[in-house]
Every structure is written in C-alpha cells, then in structure tokens.
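This briefing covers a single model, topic by topic. Please keep the structure in view while reading the points below.

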Amino acid sequence: MKEHWGGTVESSGSAPEEITVESLLRELDADASSDEAAVRPAELLEDALVSLDADAEGFRFDEDIVKHSLDELLLVLIAARADGTHGKQLMDDLDQRFDARLSPGTVYPRLHDMDAEGTVAVREMVRTKEYTISDDAEAEARVREAMLQHLAIGRFLERALADGDLF
C-alpha cells in the first residue's frame, strides 16, 4: 500500500481505496494563495494513472469513453483553473490529456447546456468566453455520480478478469 491523494491504493494495480470525491475536489480547490501549487489537469491524470499502475506512455483513452464523460471532464478541467478558462483551452486539455480531438461542435454545446443548467458560468470577454464553476454542489454531485458509475463498472470488469473462468 502507498499513500495517494489522502487515501491509500494497492500497488498491485487494483482501483483506489479510501479515496473520496471530497479529497479529489480539495485537490482541485487548492487556493492559489496557499503555499501549495495549484493542481493542474496533467497532474490529476498522472496521479490517476499511477494509482492504477498504468504505463503513462502506453496508455491511451478511447475517444468514445471521453465523449461519454465529457460533462464531468469539463467540470473538473474548469474547476482545476480557479480563475476560469476558455473553450479552446478546454479542447486543448482534452486533446493533450485524454487523446481526444473533439470538435467545437461537440464541446461548446455541452458548455452552453451546463451554463443553461446553472452549473457553469460564462463571462463574455473581448474575443472569447471564460468558463467558471457557478454551482459547486451540483458540479460535485455530477462528478461524484460519474466517478461511482465508472468505478463500479471497472470493479465488475476487474473481478470478471480475475475470476479466470470466463476467458
């Protein structure tokens, strides 16, 4: 076992244990004025891959899975930048971190929908729009639900593979 994000993970590659959404969100809410450096999306992803003992160089995300979780990924990417971010930066983050080259026609409608729902706020700038989280509780609830769904499916698949009788 090793310490990771305020919880422990097994070094055997199994999914994290004792890691809560609160601890993950605290990482995202790092105050820029604190002594700790602000959490960056690259660090979040690197930590996630390390917790799974995944080869960061060889691991690639499936773009369809990224699209399926796009709202929650956008919320985390926006929250990771306390001062807000713009759509182009979000698309660059998705490309760099998740190997997903999503078109503006995929990303911007999701941002507009989350704005209409009140989860994110949009501030008109001179040449762009800046996105920030406007409803922390709703954003946290959405990220928590997605996390639980993905972990449950991952654990199911992990146990199916570990059984040895299926394949």
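A residue is called buried when its relative accessible area is under 20% and exposed when it is over 50%, with partly exposed in between. The model is predicted. With those terms set, the face of helix 6 turned away from its buried side carries two exposed residues, Gly 105 and Ala 116. The points below start with that helix and move on to its surroundings, the salt bridges and the surface.

**Helix 6**

- The buried residues of helix 6 are Val 107, Leu 111 and Met 114. Viewed down the helix axis, these buried residues fall within an arc of 65°, so they line one face of helix 6.
- Several elements help to cover the buried residues of helix 6, including helix 4 (70–79), helix 5 (87–98), strand 4, strand 5 (129–133) and helix 7.
- Helix 6 has 14 residues, which at 1.5 Å a residue should span 20 Å; the C-alpha atoms at its ends are 20 Å apart, in agreement with that expectation. The expected span is 1.5 Å times one less than the number of residues.

**Loops on either side of helix 6**

- Asp 99 is found in the loop between helix 5 and helix 6. Its phi is near 55°, a positive value in a residue other than glycine. Most residues other than glycine have a negative phi. Asp 99 counts as partly exposed because its relative accessibility is 32%.
- Just after helix 6, Gly 118 takes a positive phi of about 90°.
- Thr 119 lies in the loop between helix 6 (104–117) and strand 4 (120–124). With a relative accessibility of 1%, Thr 119 counts as buried.
- Which residues does Thr 119 contact, leaving aside its neighbours within four places in sequence? The contacts are Leu 75, Met 114, Thr 132, Ile 133, Ser 134, Asp 135, Glu 138, Ala 139 and Arg 142. Met 114, in that list, is also one of the buried residues of helix 6.

**Strand 3**

- Thr 85 is placed in strand 3 (residues 85–86). It counts as buried, since its relative accessibility is 4%.
- Beyond its neighbours within four places in sequence, Thr 85 is in contact with Ile 78, Leu 90, Lys 129, Glu 130 and Tyr 131. Two of these partners, Lys 129 and Glu 130, return below as members of salt bridges.

**Salt bridges**

- The count of salt bridges comes to eleven.
- Within helix 5, Asp 92 forms a salt bridge with Lys 88, and the closest N and O atoms are 3.1 Å apart. The two residues are four apart in the helix, so about one helical turn separates them. Asp 92 is partly exposed at a relative accessible area of 26%, and Lys 88 is partly exposed at 48%.
- Arg 123 forms a salt bridge with Glu 130, with the closest N and O atoms 2.8 Å apart. Is each partner buried or exposed, or in between? Arg 123 is partly exposed, with a relative accessible area of 46%, whereas Glu 130 counts as buried at 17% relative accessibility.
- The side chains of Lys 129 and Glu 124 also meet in a salt bridge, at 3.8 Å from N to O. Lys 129 is partly exposed at 27% relative accessibility, and Glu 124 counts as exposed at 58%.
- Asp 71, Arg 110, Asp 113, Glu 117 and Arg 142 are joined into one network by salt bridges that share partners. Arg 142 in this network is also among the contacts of Thr 119.

**Helix 7 and the surface**

- Ala 141 lies in helix 7 (residues 136–163). Its relative accessibility is 38%, so it counts as partly exposed.
- Ala 141 and Glu 72 are 69 residues apart in sequence, and their C-alpha atoms are 9.8 Å apart in space.
- Ile 153, Phe 156 and Leu 157 make a nonpolar surface patch of about 330 Å². Leu 157 is placed in helix 7 and is partly exposed, with a relative accessible area of 46%.

Key
Residues numbered from 1 in each chain as written. Predicted model: local features only at pLDDT ≥ 70, side-chain atom pairs only at ≥ 80, totals over all residues. Heavy atoms only, no water. Buried < 20%, exposed > 50% of the residue type's maximum accessible area, 1.4 Å probe, protein only. Contact = heavy atoms within 4.5 Å. Patch = residues over 30% accessible without salt bridge, like charges linked within 9 Å, V, L, I, M, F, W, Y side chains within 5 Å. Areas by Shrake-Rupley, 256 points an atom, 1.4 Å probe, with all protein chains shown as cover. Salt bridge = Lys/Arg side-chain N within 4 Å of Asp/Glu carboxyl O. Arc of directions from axis to C-beta.
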